[in-house]
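Me: I would like a close look at one part of this model, followed outward into the packing that can be described around it. Please take a single buried residue as the starting point and keep the reasoning explicit.

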Amino acid sequence: MPGSHAWFVLGMLCFVYVLNFLDRQLLSILAKPIQDSLHISDGQLGLIGGLYFALFYCFISIPVGWFADRTNRVNVVSFACVLWSLATMACGMAATYPQLLLARMTVGVGEAGGVPPSYAIISDYFPAGRRGTALGLYNLGPPIGAALGIAFGASIAAAFSWRYAFVVLGAAGVITAIVFKLTVHEPIRGGLDRASASPLIGEVASGFVETLKMFFSRPALVLAALGSGVTQIITYGLGNFTILFLMREKGMTLGQVALYNSLIFGIGMSAGIFASGWLIDRYTRRYKQAYALLPAVSLALAIPFYIGFVWTPTWPLALLLLIGPTFLNYFYLSSSVALVQEEVRPDQRVMSGALLLLVMNLIGLGFGPTYVGAASDYFRAAYPDHSLQMALYTLVPFYFLAIFLFLWLARVLRRDGRPTPNGGIAS
C-alpha cells in the first residue's frame, strides 16, 4: 500500500501540473483582451497556442525524457517549473506578437520537462494496480489548472490587466518549484515492480534508439498515441477557443467567464479524469481492452453534447451542454498514460511517456488550435459574426476518427495475451 509520503508526492506533482496547465491555458483564457491589445487574428492565435508551441514542447520532451531516465527526475521537474514560470511572466511583458511568440516558445521548452518525469516518479511511488488511480489523480492537473486559470486569470485581467495575470501566476510557479525541490525525494527506479521488470545490477539502461524502436514497434503503444492525438485535436482545438467563442459569439463577459467557466472546467473535467482512472483500475484487471473501450465509449457519448454546445444561441444553455464534452472528452488521458507505463520497462518509462506526449501533442496540440484558428479566418468572409461556430462544427469528424482508432486498439489488446514486463498482459 502506498504510504503517506507517496500521497504527498502525488499531491505536489499534481500541483506542479496544475501550474503547468494553468500557465499554458492563460493565452486562450485571455485571448480577447490579448487580441484587442496586440491586434492579432484567430489564425495567429491558433498558431501561437498550437503549432509553434507544440514544435518546441514535443521535440524538447524527447531528449529531456532520455536525460531524465538517467538522472534525478525531481531535479528535472523543479528546473522545468522555474523555466516555464519565468517564461509565463515574460508573456505578460510582451509588447508585440513576435515577443509574445518567443515567450510562449520558452514556456513550451520548460513544460517539456514537467510531465514525462512525473509519470515515471508516480510509477515508482505507486505499484501496479494502483497506478491507474494515481495517474488519474495526477491528471486532475489540467482541469484544476484550467479552472484556476479561468478564475484567477480572468479575475485579475478584469480588475487590472491581462499582463498582471501572466506575471502573478508565473511568480507563483517559481515559488512552487523551490518548495517542490526541498520536499520531494527521488524514488528508487523500478523499486515497486517485479524483479524481472527492473534492469539487472550492472546492466546498461535502455539506449535512446532502443527505446525509440521499442515504442514504435508496439502496435498497442502506437495506436494509444494516435487515438489520444486525434482526441486532442478536439480538446485543444475547442479548449483554445472556448472562452473567445463564448465571449465573442455568445456574449459572455470576463467576470461571467471567471465564475461560470471555472466551475464547468474544474468540476466537469476533474470528474471525468478521476472517473476514468477509477474505471481503468477496476476493469483492466480482467479486461485489458478496457484501456481502449473506455475512451471510445466516452467519446461517442460526448458527440451530441458537443454539437448542442456549438449550436445553441445563448451562453447559459451552451455552458450547460458544455458539461458533457468537458466530462467525457478526457477519458483517453489516464487510459493511454497508464497503458504505456504498464507496458514498458522501468528504465524506459520517462522516454516512453515523452514519446506518447510527442505523438499526442504533435497531432492534437500542434494541429488542433492551428486548424480551428485558420478555419475561423477562412469562414470570416461568409460568416463574419459566427466564424468560430462554423470552425468548431468541423471538429465533429475527428470524434469518429478517434473512436475508430480506440476500437482498433481494443482489438489489438484483445488479440494478444503474453505477459508484460510488469506482470500484466502485453500487446
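Reply: Ser28 is a suitable starting point: its relative accessibility is 3%, and because anything under 20% counts as buried, Ser28 belongs to that class. The model is a predicted one, and what follows should be read in that light. Ser28 is part of helix α1, and once residues up to four places away in sequence are set aside, its contacts are Gly239, Asn240 and Ile243.

A second position in this helix can be described in a similar way. Asn20 is located in α1, which covers residues 4-29, and with a relative accessible area of 1% Asn20 is buried. Apart from residues up to four places away along the chain, Asn20 touches Trp84, Glu111 and Val115.

One of those partners, Trp84, leads on to Val107, since Trp84 is also in contact with Val107. Val107 sits in helix α6, residues 97-111, and its relative accessibility of 0% places Val107 among buried residues. Beyond its neighbours within four places in sequence, the contacts of Val107 are Phe53, Trp84, Ala87, Thr88 and Cys91. To set Val107 against another part of the chain, its C-alpha atom is 35 Å from that of Thr314, with the two positions 207 residues apart in sequence.

A contrast to these buried positions is found in a loop. His39 lies between α2 (31-38) and α3 (42-49), and its relative accessible area of 67% makes His39 exposed, because the cut-off for that class is over 50%. His39 also has a positive phi of about 55°, although it is not a glycine.

Further along the chain, the packing of whole helices can be followed through α14, α15 and α16. Helix α14 (residues 254-283) packs on α16 at an angle of about 25°, and their axes are 8 Å apart. Since angles under 35 degrees count as roughly parallel, α14 and α16 are assigned to that class. The crossing of α14 over α16 is right-handed. On the α14 side the contact involves Gln256, Tyr260, Asn261, Ile264, Phe265, Gly268, Met269, Ala271, Gly272 and Ala275, and on the α16 side it involves Trp315, Leu319, Leu322, Ile323, Thr326 and Phe327. Sorted by class, the residues of this contact are eleven nonpolar, five polar and no charged.

Tyr260, which lies in α14, shows one point of this contact at the level of a single residue. With a relative accessibility of 37%, Tyr260 counts as partly exposed; leaving out residues up to four places away in sequence, it touches Met252, Trp315 and Leu319. The C-alpha atoms of Tyr260 and Leu319 are separated by 8.0 Å, although the two residues are 59 residues apart along the chain.

After α14 the chain passes through a loop to α15, and Tyr287 is placed in that loop. Tyr287 is partly exposed, at 44% relative accessibility. Between Tyr287 and Ala220 the C-alpha distance is 15 Å, for a separation of 67 residues in sequence.

Helix α15 (residues 290-311) then packs against α16 (residues 315-328) at an angle of about 160°, with 8 Å between their axes. Angles over 145 degrees count as roughly antiparallel, so this is how α15 and α16 are related. Here the crossing is left-handed. In α15 the residues of the contact are Ser298, Leu299, Leu301, Ala302, Phe305, Tyr306, Gly308 and Phe309, which meet Ala318, Leu321, Leu322, Gly324, Pro325 and Leu328 of α16. The class totals for this contact are eleven nonpolar, three polar and no charged residues. Leu322 of α16 is listed in the contact with α14 and also in the contact with α15.

Helix α17, residues 331-343, offers a check on helix geometry. For its 13 residues, a rise of 1.5 Å a residue leads to an expected span of 18 Å, and the C-alpha atoms at its ends are 19 Å apart, which agrees. As for its surroundings, α17 is mostly covered, with 13 of its 13 residues buried.

Terms used: Residues numbered from 1 in each chain as written. Predicted model: local features only at pLDDT ≥ 70, side-chain atom pairs only at ≥ 80, totals over all residues. Heavy atoms only, no water. Axes fitted to C-alpha atoms, helices over the stretch in contact; angles between N-to-C directions. Helix = DSSP H or I, 4+ residues; strand = E, 2+ residues; numbered from the N terminus. Parallel < 35°, antiparallel > 145°, perpendicular 65-115°, else oblique. Left-handed = near helix turned anticlockwise from the far one by under 90°. Contact = heavy atoms within 4.5 Å. Nonpolar A, V, L, I, M, F, W, Y, C, P; charged D, E, K, R; others polar. Expected span 1.5 Å × (residues − 1). Buried < 20%, exposed > 50% of the residue type's maximum accessible area, 1.4 Å probe, protein only.
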